[in-house]
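Reader: Could you take me through one part of this model closely, setting out what lies around it and how its side chains are placed?

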Amino acid sequence: MLKLQEELKKGSLSRYHLICGEERYMVRYYKNALRERLSAPEDEMNCTLFQGEQAEPSVIADVGQILPFMAERRLIIVQDSGFFKKANDMADYLADFPDTTYVVFAEREVDKRSRLYKWISKNGCVTECQAQTEPMLKQWIAGYLKRQGKAMSNAAAEHLMERVGTDMETLNNELDKLISYVGERDAVGDEDIDAVCAGLTVSRIFEMIDAVALGERNRALRLYDDLLANREQPMSILYLFSRHINILLQLRELSPMGLSRSEIAKKIGIPPFTVPKYSKQAGLFTTSRLRGMLEQRIQLEEDFKRGRLSDQLAVEMFLIQALTNGEKND
């Protein structure tokens, strides 16, 4: 059990908290849990939020010295400040705060070598929110649905994660949509998932890579248009292409080694149940073609950064080049 979970359970909370990591849903969950415990709802007088890298340690220090008004404590929440990636005097300020001041940092990235990180590790509570494992996600999905009087089989949970990915924030949004969609029915099945979650980015990227592998130009471009219609940013699409191709490359390298599905999944960083699907797709490409696609992506991103191409044109050129190279290889 995490130290923060123990503190929330016992009701004895540290004065200084750092919540960080790639799983943004959990970062937000724990931040909100602390706010509920440490500050009365709508008490803006004793709860101050600082957002972004424009936040100044000296300004936060001034607020931290103010005693609470008609309340037990003053709460300061600092989000995505970047304080844990660069030198600053925040640790010195925190050490001088009155006992009635509590501070919660919610950060996307931190440097564990930073002075502030080490200070909070020693004097407060650090909570790292990493991507959840497949069994933990299934358990969380089951619990979320159960609280709403719904249920989903393990196979359906796997199908959901295949379609939308394993990001908990995305899963949370899709589960809410599914709950509304099924209405009075208790069970959520594959057909519901296909009906509600068919247009999401993860599944579209997979389908686009399939279309590229099979040389289906019109289908690949249509799927790309669907992503743009869903307001997905072109450079985000290009990043997801790169990530997906890297997965396929790693699978081609690991498959001959005789590793188990779980071992392969752990090395690559994907859920074990997705390994067969990725492996099947990896078999549609040669290693040289996959590496060539990565090189194209790097060059196109460089052209975009230097202003030679728009972001949308960069992605379109990536698709066309990938399809053209596939025709040459054939």
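Author: In this predicted model, strand β1, residues 16-20, pairs with β5 in the parallel sense over 4 bridges, and within that pairing His17 stands opposite Cys125 in β5. Strand β5 covers residues 125-128, and its side chains alternate: Cys125 and Thr127 point to one face and are buried, whereas Val126 and Glu128 point to the other face and are not buried.

The second largest pocket holds about 590 Å³ of space. Its lining is made up of 21 residues, with Gln5, Met26, Tyr30, Gln132 and Met136 lying nearest the centre. By class, that lining has 13 nonpolar, 6 polar and 2 charged residues. Helices α1 (3-10), α2 (24-38) and α6 (134-147) each supply at least two residues of the lining, and α6 gives the most, with 6 residues.

Helix α6 also takes part in a salt bridge, in which the side chains of Glu158 and Lys138 meet at 2.7 Å, N to O. This pair links distant parts of the chain, with Glu158 in helix α7 (residues 154-164) and Lys138 in helix α6, 20 residues apart. Lys138 is buried, because its relative accessible area of 16% is under the 20% cut-off, while Glu158, at 24% relative accessibility, counts as partly exposed.

A salt bridge within a single helix can be set beside it: Lys177 and Glu174 have their closest N and O atoms 3.1 Å apart, and, being 3 residues apart in helix α8 (residues 168-182), they are separated by about one helical turn. Here Glu174 is buried at 4% relative accessibility, and Lys177 is partly exposed at 39%.

Key:
Residues are numbered from 1 along each chain as its sequence is written. This is a predicted model: local features need pLDDT of at least 70, side-chain atom pairs count only at pLDDT 80 or more; totals for chains, interfaces and linings use all residues. Side-chain values use heavy atoms; hydrogens and water are left out. Buried means under 20% relative accessible area, exposed over 50%, partly exposed in between (1.4 Å probe, protein chains only). Two strands pair if DSSP finds at least two bridges between them. On a 1 Å grid over the protein atoms alone, a cavity is a set of points where a 1.4 Å probe fits but cannot get out, and a pocket is an open set with protein on both sides within 12 Å along at least five of seven lines; lining residues have an atom within 4 Å of a point. Grid points are joined across faces, edges and corners, and a volume is the space filled by probe spheres set on the points. Ala, Val, Leu, Ile, Met, Phe, Trp, Tyr, Cys and Pro count as nonpolar, Asp, Glu, Lys and Arg as charged, and the others, Gly among them, as polar. A salt bridge is a side-chain nitrogen of Lys or Arg within 4 Å of a carboxyl oxygen of Asp or Glu.
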